[in-house]
Amino acid sequence: GRANLRYFAPPVLVATSILGLALWLTTGWTLGILPAAAYTFAVAAAALTAKNLSLPARIGLLVVLPTMHYCWGSGFIRGLLK
């Protein structure tokens, strides 16, 4: 069937983060950190603006969301390569 485009967001996040960080580390191109930095900012904004959550739950979002998205994305890419 047809997959929703949101399904492909985590693999794109992983690929752009790895590529950007590799470019930053090898060439010094500081814009390479932009994908990872933008995602970090988005997760922090989501944790800060979420309604009816306690402080521990907000802190948990800062751990859970990146773990979930980066694991999902890397697993997807690994599955494609196998």
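Biologist: Which residue follows α1, and what is the sign of its phi?

Modeller: Gly-28 comes after α1, with a positive phi near 80°. The model is predicted: local features need pLDDT of at least 70, side-chain atom pairs count only at pLDDT 80 or more, and totals for chains, interfaces and linings use all residues. Residues are numbered from 1 along each chain as its sequence is written, and side-chain values use heavy atoms, with hydrogens and water left out.

Biologist: What makes a stretch such as α1 a helix, and how is its number assigned?

Modeller: Helices are DSSP runs of H or I with at least four residues, and strands are runs of E with at least two, numbered from the N terminus. Helix α1 covers residues 9–27 and α2 covers 34–49, while α3 covers residues 55–81.

Biologist: How do you know that the span of α1 agrees with its number of residues?

Modeller: The expected span is 1.5 Å times one less than the number of residues. For the 19 residues of α1 that gives 27 Å, and the end C-alpha atoms are 26 Å apart, so the two agree.

Biologist: What does the comparison give for α3?

Modeller: The 27 residues of α3 should span 39 Å; the end C-alpha atoms are 40 Å apart, which agrees.

Biologist: Where does α3 bend, and by how much?

Modeller: The bend is at Leu-61 and is about 30°. That angle lies between axes fitted to the seven residues ending there and the seven starting there.

Biologist: Why is Ser-17 called buried?

Modeller: Buried means under 20% relative accessible area, exposed means over 50%, and partly exposed is in between (1.4 Å probe, protein chains only). Ser-17 has 3% relative accessibility, and therefore counts as buried. Ser-17 belongs to helix α1, whose buried residues also include Pro-10, Val-14 and Gly-20.

Biologist: Which residues does Ser-17 contact beyond its neighbours within four places in sequence?

Modeller: Contact means heavy atoms within 4.5 Å. Leaving those neighbours aside, Ser-17 is in contact with Pro-35, Ala-36 and Tyr-70. The buried residues of α1 pack against α2 and α3.

Biologist: Which residues of α3 are buried, and what covers them?

Modeller: Leu-65, Gly-73 and Phe-76 are buried in α3. Their cover includes α1 and α2.

Biologist: Why is Leu-5 called exposed?

Modeller: The relative accessible area of Leu-5 is 72%, so it counts as exposed. Leu-5 is in the segment before α1.

Biologist: What makes Leu-5, Tyr-7, Phe-8, Val-12 and Trp-72 a patch?

Modeller: Patches are made of residues with over 30% relative accessible area and no salt bridge (a side-chain nitrogen of Lys or Arg within 4 Å of a carboxyl oxygen of Asp or Glu). Like charges are joined within 9 Å, and nonpolar side chains (Val, Leu, Ile, Met, Phe, Trp, Tyr) within 5 Å. These five residues form a nonpolar patch with about 510 Å² of accessible area together, by the Shrake-Rupley method with a 1.4 Å probe, where for residues only the protein chains shown count as cover.

Biologist: Why is Ile-33 called partly exposed?

Modeller: Its relative accessible area is 33%, so Ile-33 counts as partly exposed. Ile-33 is in the loop between α1 and α2. Leaving aside neighbours within four places in sequence, Ile-33 is in contact with Gly-20, Leu-21 and Trp-24.

Biologist: Which residue has a positive phi although it is not a glycine?

Modeller: Asn-52 does, with a phi of about 60°. Asn-52 is in the loop between α2 and α3, and at 80% relative accessibility it counts as exposed.
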